[in-house]
Amino acid sequence: MQKVMSVLSGNKVNIPPVWMMRQAGRHLPEYLRVRKTTNNFIDFCFNSQKATEVTLQPIDRYDMDAAILFADILLVPIALGRTVSFEKGIGPILDPLSVNDIRNFQINTDTLEPVYETVREVRKKLHNNKTLIGFCGGPWTVATYMLEGKGTPNKEKAKIFAYKNEEAINDLLDYLVHISSEYLIKQAEAGADVLQIFESWASDLSPYLFNKLIIEPTKKIIKHVRDAGITVPIIGFPKNCGLSIKEYVKSSGISAIAVSTEVPLDQIRSFIPRNMAIQGNLDPLALRIGGKTLKNQVQNILDKANGPHIFNLGHGVTPDVKIENIKAVISHIRTGEGNYV
Ligand code: 1CP
């Protein structure tokens, strides 16, 4: 059995499986080489051959236990007829939504077909002891980009929209639930072994908004996926959501919880179901710093993660991370020692 699957089914193993969010990305020279061949990031994501190649790079380079599909959470707004572009040094740019736009989405889910082709290709090429993870963004996280038009520090415009436009926000989230459910179902049908829902902007929400914007839409997605007969484990990642993580674990229907860096691994066990797998939560900053700092942080997580655990970061690998340090982390996890630099 794949190690990741074993842990997700509740087994505690001596050596935890490991993968890292954004493991396929700009810290890898082989990624940059392929990335350079396509100017536009969206075209790159929709090029199955290139997306397959970069999905597999971290497996070849590091022997990670899981590959994560190379795509982006912002492909879903494209299926709703919106324009998305990525500007160098800025990030995603979208045309900010008005209430009227929400009534007039031009839905075209066929746009997402190349992503399923990538999943099929990767699953064919990946060794069967490795897990393939498919994903989508949480509806609220995707909505923040659609409403704000770009990544912003506090998502204030999106939150004010949510408070003031009850009907429009419900409609928007329903559209996103609908497309994201289909997106996940088709990824699983194409061969994804596990699905992850990235709720990157789950922080600073009142419990009222957390329930409305995060829990309810997630519940609906998971229900649709299960109703379609998909049984694969679903990992939820409600980043930086504070105590709301309790309600999220209890009510959303997720199979496993991915935790960002601030969550004390030894405390979360007391309020999640026995044998639920936890994924995370090495500080990405420690990975950037390396040396003794990184070694101590890795050991700390190994010591505290009592129970089924998938080793990962609390957020993504940054472009300045040294390859030697990722290798050292993996070696430390598997052999007890690593050459940190
Ligand atoms: O030039 C480049 O190569 C762009 C960098 C990049 C990469 C490597 C972006 C732009 N997206 C991705 C791929 C990606 N995105 C993956 C697959 C690769 C992997 O993890 O190895 C995944 C799972 C995502 C998910 C994603 N995209 C999230 C959720 C996770 C997270 O980081 O919080 C989010 C928020 C996005 C939006 C996004 N995509 C890219 C950028 C610069 C952003 C905005 C981030 C922000 O607002 O801070």
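**Exercise 1. Find the strand that holds Asn281, and describe the peptide bond that joins this residue to Gly280.**

Solution. Begin with the secondary structure of this predicted model: Asn281 belongs to strand 8, which covers residues 278-282. Next, turn to the bond between Gly280 and Asn281, which is a cis peptide bond with an omega of about -10 degrees.

**Exercise 2. Describe the protein chain as a whole, first by its helices and strands and then by its dimensions.**

Solution. Counting the elements along the protein chain gives 16 helices and 9 strands. For 341 residues the globule rule gives 20 Å, and the radius of gyration of the protein chain is 19 Å, close to that value, so the chain is as compact as a globular protein of that length. Along the principal axes, the C-alpha atoms of the protein chain fill a box of roughly 60 × 45 × 40 Å.

**Exercise 3. Locate Arg22, state what is notable about its phi angle, and relate its backbone to the ligand.**

Solution. Start with the position in the chain: Arg22 lies in the loop between helix 1 (3-8) and helix 2 (29-35). Then consider the backbone angle, for Arg22 has a positive phi of about 55 degrees although it is not a glycine. Finally, look towards the ligand, where one of the ligand's oxygen atoms is 2.8 Å from a backbone N or O atom of Arg22.

**Exercise 4. Work out where the ligand sits, which residues surround it, and how much of its area the protein buries.**

Solution. The first step is the site, and here the ligand occupies the largest pocket. The second step is the shell, which consists of 22 residues, the closest being Tyr31, Asp72, Tyr145, Ser200 and His315. Sorted by character, the shell around the ligand has 14 nonpolar, 4 polar and 4 charged residues. The third step concerns individual side chains: an N or O atom in the side chain of Tyr31 is 2.4 Å from an oxygen atom of the ligand, while a polar side-chain atom of Tyr145 lies 2.6 Å from a ligand oxygen atom. The last step is the area, since the ligand taken alone exposes 890 Å², and 85% of that is buried by the protein.

Terms used: Residues numbered from 1 in each chain as written. Predicted model: local features only at pLDDT ≥ 70, side-chain atom pairs only at ≥ 80, totals over all residues. Heavy atoms only, no water. Near = heavy atom within 4 Å. Polar contact = N/O pair within 3.5 Å; in protein donor to acceptor, adjacent residues only side chain to side chain. Areas by Shrake-Rupley, 256 points an atom, 1.4 Å probe, with all protein chains shown as cover. 1 Å grid on protein atoms, 1.4 Å probe; cavity = no way out; pocket = protein on both sides within 12 Å on 5 of 7 lines; lining within 4 Å. Sits in = over half its atoms within 2 Å of the grid points. Nonpolar A, V, L, I, M, F, W, Y, C, P; charged D, E, K, R; others polar. Helix = DSSP H or I, 4+ residues; strand = E, 2+ residues; numbered from the N terminus. Rg over C-alpha atoms; globule rule 2.2 N^0.38 Å.
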